[in-house]
Amino acid sequence: HAGRTADICIELANYFRIHDIEVANLETAALLKNVGLAINDEILTTDIDVQTRAALVTAQVIRKSDKYSRVASIIETHVIEYSSIVNGEPSRNNDLVAMILRIASDYELYSRQKKNFGIDALNVINQNVFNNVYPLELAEALENGLEYEQNKHLIDPMAYSFHITEGALV
C-alpha cells in the first residue's frame with residue numbers, strides 16, 4: 001500500500017509542479033503514514049476511522065523529530081476532507097500536498113476492493129468529489145495521470161506488484 005500510494009503521490013505532485021522538497025516530504029509521508037496501524041494493532045482497511053487513528057498516531061511519533069515536522073503535518077492534515085466540518089466549524093483543506101496524499105491513499109485502497117480494480121476506484125473517487133471529500137482538479141489529475149502509458153501499472157494492484165518485481169530483478 002505504502003509504495004503504490006507514494007508512487008501515485010509523486011505522479012500527482014509532478015503534475016501540479018510541486019517543489020522537490022515538498023515532493024520528498026510527500027513521499028516520506030506516504031511511506032510512513034500507516035505506521036500507526038502497527039502501534040494500534042490494527043489492519044489496513046478502507047474504514048476512515050481506522051485510517052484516521054493510525055495517521056494521527058503516526059504523526060505524533062514523527063513530530064518528535066523536528067526534521068520531519070512537515071511530514072507529520074501532511075499526515076495529520078490528509079485526514080481532513082477537502083470541505084468538511086472540523087470541531088463544529090466549516091473547514092476547507094487547502095493543503096494541496098495533504099490532499100494529494102489523501103486521494104492517492106484512498107484510490108489505492110479502493111482499487112483493492114473493487115472487481116475492476118482502478119476503474120471502479122476512480123468511480124468512487126469521482127462520487128466523493130461531489131461529497132466534497134476531494135477537489136475536482138485533483139480527481140481529474142489522478143484520472144488523467146493514470147491514462148499515461150508509463151503509469152498503467154499504478155491502476156491495478158496486481159500490475160503494480162509485477163512492476164515492482166520486474167524492477168527488483170533488474
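# Notebook: fold, salt bridges and internal spaces

**Entry 1. Overall form.** I began with the radius of gyration: a compact globule of 170 residues would have a value near 15 Å, and the chain has 15 Å, so the two agree. I note at the outset that this is a predicted model. Along the principal axes, I find that the C-alpha trace spans about 40 × 35 × 35 Å. I then looked up burial, and 44% of the 170 residues in the chain are buried. For contacts between residues at least 6 apart in sequence, I recorded that 56% join residues at least 24 apart.

**Entry 2. Secondary structure.** I listed the elements next, and the chain has nine helices and two strands. Read from the N terminus, their order is α-α-α-α-α-β-β-α-α-α-α.

**Entry 3. Helix α5.** I asked which residues of α5 are buried. They are Val71, Ala72, Ile74, Ile75, Thr77 and His78. I then traced their surroundings and found that the buried residues of α5 pack against α2, α4 (48-63) and α6.

I chose Val71, which lies in helix α5, for a closer look. Its relative accessible area is 1%, and because buried means under 20%, Val71 counts as buried. Apart from neighbours within four places in sequence, Val71 is in contact with Asn25, Thr28, Ala29 and Ile62. I also looked up one C-alpha separation: Val71 and Asn25 are 46 residues apart along the chain, yet their C-alpha atoms are separated by 5.4 Å.

**Entry 4. Salt bridges.** Side chains of opposite charge can pair when their charged atoms come close. I therefore searched for such pairs, taking a side-chain nitrogen of Lys or Arg within 4 Å of a carboxyl oxygen of Asp or Glu. The count is six salt bridges.

One of the pairs is Glu108 with Arg4, whose side chains meet at 2.9 Å, N to O. This pair links distant parts of the chain, for Glu108 is in helix α6 (residues 96-113) and Arg4 is in helix α1 (residues 2-15), 104 residues apart. I checked both for burial, and Glu108 and Arg4 are buried. I further noted that Arg4, Glu108 and Arg112 are linked in a network of salt bridges.

I next followed Glu22 and Arg70, whose side chains form a salt bridge at 2.8 Å, N to O. Here too distant parts of the chain are linked: Glu22 belongs to helix α2 (residues 20-32) and Arg70 to helix α5 (residues 69-78), 48 residues apart. Is Arg70 buried or partly exposed? Its relative accessibility is 24%, so Arg70 counts as partly exposed.

Arg70 also meets Asp95 in a salt bridge, at 3.0 Å, N to O. This pair joins distant parts of the chain, with Arg70 in helix α5 and Asp95 in the loop between β2 (89-92) and α6, 25 residues apart. I find Asp95 at 16% relative accessibility, and it therefore counts as buried.

**Entry 5. The largest pocket.** Rolling a probe the size of a water molecule over the atoms shows where empty space is left. I looked up pockets first, and the largest pocket holds about 150 Å³ of space. Its lining consists of Ile8, Glu11, Leu12, Asn14, Tyr15, Ala141, Leu142, Gly145, Leu146, Tyr148, Gln150 and Asn151. Helices α1 and α8 (136-147) each supply at least two residues of this lining. The largest share, five residues, comes from α1. By class, I recorded seven nonpolar residues, four polar and one charged in the pocket lining.

**Entry 6. The cavity.** I asked how many cavities of 30 Å³ or more a search of the whole structure finds. The search finds one. About 40 Å³ of space lies in this largest cavity. Lining the cavity are Ile48, Gln51, Thr52, His78, Val79, Arg102 and Asp106. I note that α4 and α6 are the elements that give two or more residues to this lining. Helix α4 gives the most, with three residues. The cavity lining has two nonpolar, three polar and two charged residues. I had already met His78 in Entry 3, among the buried residues of α5.

Note on methods
Residues are numbered from 1 along each chain as its sequence is written. This is a predicted model: local features need pLDDT of at least 70, side-chain atom pairs count only at pLDDT 80 or more; totals for chains, interfaces and linings use all residues. Side-chain values use heavy atoms; hydrogens and water are left out. Helices (H or I, at least four residues) and strands (E, at least two) are DSSP runs, numbered from the N terminus. Buried means under 20% relative accessible area, exposed over 50%, partly exposed in between (1.4 Å probe, protein chains only). On a 1 Å grid over the protein atoms alone, a cavity is a set of points where a 1.4 Å probe fits but cannot get out, and a pocket is an open set with protein on both sides within 12 Å along at least five of seven lines; lining residues have an atom within 4 Å of a point. Grid points are joined across faces, edges and corners, and a volume is the space filled by probe spheres set on the points. Ala, Val, Leu, Ile, Met, Phe, Trp, Tyr, Cys and Pro count as nonpolar, Asp, Glu, Lys and Arg as charged, and the others, Gly among them, as polar. Contact means heavy atoms within 4.5 Å. The radius of gyration is taken over C-alpha atoms; the globule rule is 2.2 Å times the number of residues to the power 0.38.
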